Amino acid sequence: MGAQWKAKGKALVADAKGKLFGKLVKEITIAARAGGDPNSNAALRMAVEAARKASMPKDTLERAIKKGSGAGADAVNYERVVYEGYAPHRVPVMVECLTDNPNRTAPNMRVLFRKGQMSAVAWDFDHVGMIEGEPAKADTDMEMAAIEAGAQDFEAGDEEGVTLFITDASDLDVVSKALPAQGVNVLSAKLGYKAKNPISAASLSAEAMEEVQAFLAGLENDDDTQHVYAGLVD
């Protein structure tokens with residue numbers, strides 16, 4: 001089917017790492033609600049691993065865990081909210097937000113969707129586990145690794161040399177733990193949305209594609225947006 005579309009080619013700006021850390025802190029905080037010990041909390045363990053790979057400072061990471069588990073004076077409660085609809089040219093979109101104030105996020109999303117349409121499109125997406133990995137050795141067979149680890153499917157990832165493994169949502173942790181034994185270095189693991197019937201970017205004119213990309217970039221840049229999943233393939 002080809003790799004699912006994700007925002008590419010964003011300008012490198014000075015606050016890029018700060019925005020990344022902000023998203024990771026929210027993931028850690030919400031995962032820590034189920035307990036502050038990564039050894040017994042799979043979601044927290046994966047969020048912590050992602051933060052470490054992004055070189056998040058240890059004190060920032062520990063504060064985020066305390067915020068979510070309620071152990072700190074600055075405990076905060078983030079809510080996961082999903083908005084759905086269409087980008088221009090009927091490209092289906094799922095937007096996952098983590099917010100401490102839905103009354104702020106909802107109107108912001110309505111404004112961002114003005115050039116598209118808020119509508120129920122979840123039926124056109126599967127909720128799946130998404131694991132990005134790269135071969136630990138040059139001779140690693142990624143297809144065999146996917147089969148042996150229990151992944152449903154695999155496809156090219158966002159970066160060259162990276163493979164995206166697709167799993168059942170309930171199998172995300174099991175497969176992410178099994179992949180290293182199959183010669184795969186796991187780079188990230190999360191739950192996400194994969195379009196069932198994505199639109200081919202080749203079917204859109206250059207002007208239409210620019211409109212879609214501008215719309216998706218607007219969603220990505222909202223402070224409460226965590227992930228944007230578009231039913232669009234290269």
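This briefing describes two sheets, selected helices and several salt bridges in one protein structure. The model is predicted. One open sheet has four strands in the order β3-β1-β2-β9, and another open sheet has the order β5-β6-β4-β7. The salt bridges come to ten.

**The sheet β3-β1-β2-β9**

- The four strands of this open sheet pair in the antiparallel sense.
- Strands β3 (117-118) and β9 form the edges, since each pairs on one side only.
- Strand β2 (residues 91-99) runs antiparallel to β9, and five bridges join the two.
- Within this pairing, Glu96 has His227 of β9 as its bridge partner.
- Helix α7 packs on the sheet and touches β1, β2 and β9. The direction of α7 makes an angle of about 155° with that of β9.
- Helix α4 (residues 102-112) lies across β1 (79-87), β2, β3 and β9. The helix runs at about 160° to β2.

**The sheet β5-β6-β4-β7**

- This open sheet also consists of four strands, and its pairing is antiparallel.
- The edge strands are β5 (153-156) and β7, each of which pairs on one side only.
- From one strand to the next, the twist averages 30°.
- Strands β5 and β6 are antiparallel and are paired over four bridges. Phe154 has Phe165 in β6 as its bridge partner.
- Strand β4 is joined to strand β6 (residues 163-168) by six bridges, and the two run antiparallel. The bridge partner of Val128 in β6 is Asp168.
- Strand β4 also pairs with β7, in the antiparallel sense, over eleven bridges. Here Ile131 has Ala189 of β7 as its bridge partner.
- As background, the strands of a sheet pair through backbone hydrogen bonds, in either a parallel or an antiparallel arrangement.

**Helix α2**

- Helix α2 covers residues 42-53, which makes twelve residues. At 1.5 Å a residue, the helix should span 16 Å, and this agrees with the 17 Å between its end C-alpha atoms.
- The N-terminal end of α2 is capped by Asn41. A side-chain oxygen of Asn41 lies 3.3 Å from the backbone nitrogen of Ala43.
- The buried residues of the helix are Leu44, Arg45, Met46, Ala47, Val48 and Ala51.
- After α2 comes Ser55, which has a positive phi, near 65°.

**Salt bridges between separate parts of the chain**

- Lys26 and Asp224 form a salt bridge through their side chains, with an N to O distance of 3.5 Å.
- This pair links distant parts of the chain, as its residues are 198 residues apart. Lys26 belongs to helix α1 (residues 16-31), whereas Asp224 lies in the loop between α7 (206-220) and β9 (225-230).
- Lys26 and Asp224 are both buried.
- A second salt bridge joins the side chains of Lys196 and Asp126, at 3.9 Å from N to O.
- Lys196 lies in the loop between β7 (184-195) and β8 (199-200), and Asp126 lies in strand β4 (residues 125-135), so this salt bridge ties together parts that are 70 residues apart in sequence.
- Lys196 has a relative accessible area of 38% and is therefore partly exposed. Asp126, with a relative accessible area of 35%, is partly exposed.

**A salt bridge within helix α6, and a network**

- Lys177 and Asp173 form a salt bridge in which the closest N and O atoms are 3.4 Å apart.
- Both residues lie in helix α6 (residues 172-178), and because they are four residues apart, about one helical turn separates them.
- In general, an α-helix has 3.6 residues a turn, so residues three or four places apart point the same way.
- The partners differ in accessibility: Lys177 is exposed, with a relative accessible area of 52%, whereas Asp173 counts as buried at 18%.
- Elsewhere, Lys26, Asp100, Arg104 and Asp224 are joined into one network by salt bridges that share partners.

Definitions and conventions
Residues numbered from 1 in each chain as written. Predicted model: local features only at pLDDT ≥ 70, side-chain atom pairs only at ≥ 80, totals over all residues. Heavy atoms only, no water. Expected span 1.5 Å × (residues − 1). Buried < 20%, exposed > 50% of the residue type's maximum accessible area, 1.4 Å probe, protein only. Polar contact = N/O pair within 3.5 Å; in protein donor to acceptor, adjacent residues only side chain to side chain. Salt bridge = Lys/Arg side-chain N within 4 Å of Asp/Glu carboxyl O. Pairing = 2+ DSSP bridges. Contact = heavy atoms within 4.5 Å. Axes fitted to C-alpha atoms, helices over the stretch in contact; angles between N-to-C directions.
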